[in-house]
Amino acid sequence: MTLSVDEVTSRAGTAAELRAAELVVYPARSGDRGPALLRGVSMTARPAGVTGLIGPNGAGKTTLLRSLAGLQPISSGEVLLGARPLHRVPRRQRARLLALLQQQAETELPLAVLDVVLLGRIPHRGRWQPVGDRDTTVAAQALRAVGMESFAERRWASLSGGERQRVQLARALAQQPEVLLLDEPTNHLDLRAQWEILALARDSGRTVIAALHDLNLAAAFCDHLVVLEHGTVAAAGPPAEILSAGLVEQVYGVRPEVLHTAAGRPVFAPPAP
Ligand SMILES: Nc1ncnc2c1ncn2[C@@H]1O[C@H](COP(=O)(O)OP(=O)(O)OP(=O)(O)O)[C@@H](O)[C@H]1O
Ligand SMILES: [Mg+2]
């Protein structure tokens, strides 16, 4: 994978702060409304920074990302991008501001890789406007940024899990959003690709919010963490300040051994047997 600083990966200065205030979200199509999936979640993602969302399975990370992207109806609270309340921004315009890399990519798209990345250009074109040179250029840049340029003509369905993950990131980059919402972006990726994808996100100049399960990656690449537990914020702050054996035990129910890198970054290991 090559890190590139062309226009899909660098829009320094244009990123805005994304803020969620007191979000309450209930399950879609739940007859009796059931328990809320998010119960008053507030968080702030700094412009051009990486905010990590961590927390156990079912804590509400995907629900929060979908709410921030405007894909999940919210019962109360609001999402602000800079000073703009996002629920008042029309859908198409919103898709130019925020891109979401979903946790599970579709498997059966009958498309070539370049066409999948070009889906990210839809919000930038008029309704019946065909794909233009600029769309193709941006899509090719996005594929190059994730190291997948040689796969442009391949069938999507023939890709490995990690290759699909990279192409989906390219699709999000091709959208040229101010905010990148990444739901487990390192899923299926080998070690080098995990580090490179997160470095690419960090250096993209965009406001990045990434749900991550790997606390070591979260500590290494995020400048701010939001810890979710049962639909509420259990803790938030810089990784080195909030990540502790005690917090991990409280939230995950297991107590890790915490080591530290030479730079003082915490590294979590399972306890010795
Ligand atoms: N339509 C629904 N009806 C009932 N419960 C739902 C519905 N949609 C989601 N949930 C529940 O909401 C909770 C939060 O789900 P969410 O996908 O946001 O968790 P997550 O933190 O992303 O978990 P993971 O780490 O496994 O991806 C889960 O317990 C899930 O089962
Ligand atoms: Mg999830």
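## The four-stranded sheet

Six bridges join E1 to E2, and the two strands run antiparallel. Strands here are DSSP E runs of at least two residues, helices are H or I runs of at least four, and both are numbered from the N terminus; two strands pair if DSSP finds at least two bridges between them. One pair to look for is Val25, which stands opposite Leu38 in E2.

Before going further, a word on what you are looking at: this is a predicted model, where local features need pLDDT of at least 70 and side-chain atom pairs count only at pLDDT 80 or more, while totals for chains, interfaces and linings use all residues. Residues are numbered from 1 along each chain as its sequence is written, chains are lettered from A and ligands numbered from 1 in the order in which they are written, and side-chain values use heavy atoms, with hydrogens and water left out.

Back to the sheet. Strand E1 (residues 18–25) also pairs with strand E4 (residues 76–81), in the antiparallel sense and over five bridges. Ala21 has Glu78 as its bridge partner in E4, and Val24 is matched there with Ser76. Put together, it's an open sheet of four strands in the order E2-E1-E4-E5, with antiparallel pairing. Strand E2 (38–45) and strand E5 (84–85) stand at the edges with a single partner strand each, so one side of each is left without a neighbour in the sheet.

## An odd phi in E1, and a hairpin

Which non-glycine residue has a positive phi of about 50°? That would be Glu22, and it lies in strand E1. Glu22 is partly exposed, with a relative accessible area of 49%. On this scale buried means under 20% relative accessible area, exposed over 50%, and partly exposed in between, with a 1.4 Å probe and protein chains only.

Further along the chain, strand E9 (residues 224–229) and strand E10 (residues 232–237) pair in the antiparallel sense over five bridges. Leu228 has Val233 as its bridge partner in E10. E9 and E10 form a hairpin with two residues between them. His230 sits in that loop between E9 and E10, and its phi is near 45°, a positive value in a residue other than glycine. With 59% relative accessibility, His230 counts as exposed.

## The magnesium ion

What does the protein offer the magnesium ion (ligand 2)? Its donors are Thr62 (OG1) and Gln103 (OE1), lying 2.0 to 2.3 Å from the ion. Donors are N, O and S atoms within 2.8 Å of the metal (3.2 Å for Na, K and Ca), and since water is not among the atoms, sites may look incomplete.

The two donors link distant parts of the chain, 41 residues apart: Thr62 is in helix H1 (residues 61–68), whereas Gln103 is in the loop between strand E6 (98–101) and helix H3 (113–118). Thr62 is partly exposed at a relative accessible area of 27%, and Gln103 is partly exposed too, at 26%.

## Around ligand 1

Thr62 turns up again here: an N or O atom in its side chain is 2.8 Å from an oxygen atom of ligand 1. Gly60 contributes through its backbone, with an N or O atom 2.9 Å from an oxygen atom of ligand 1. From Glu184, a polar side-chain atom lies 3.5 Å from an oxygen atom of the ligand. Taken alone, ligand 1 exposes 650 Å², and the protein buries 58% of that; these areas come from the Shrake-Rupley method with a 1.4 Å probe.

In total, 14 residues surround ligand 1, and the closest are Gly58, Gly60, Lys61, Thr62 and Thr63. A residue makes that list if one of its heavy atoms lies within 4 Å of the molecule. By class, the shell has five nonpolar, seven polar and two charged residues. Ala, Val, Leu, Ile, Met, Phe, Trp, Tyr, Cys and Pro count as nonpolar, Asp, Glu, Lys and Arg as charged, and the others, Gly among them, as polar.

## Two buried helix residues

Ala145 lies in helix H4 (residues 133–145) and counts as buried, at 0% relative accessibility. From C-alpha to C-alpha, Ala145 is 15 Å from Leu101, with their positions 44 residues apart in sequence.

Arg94, in helix H2 (residues 91–97), also counts as buried, at 14% relative accessibility. Arg94 and Ile197 are 103 residues apart in sequence and 24 Å apart in space, C-alpha to C-alpha.

Definitions and conventions. Polar contact = N/O pair within 3.5 Å; in protein donor to acceptor, adjacent residues only side chain to side chain.
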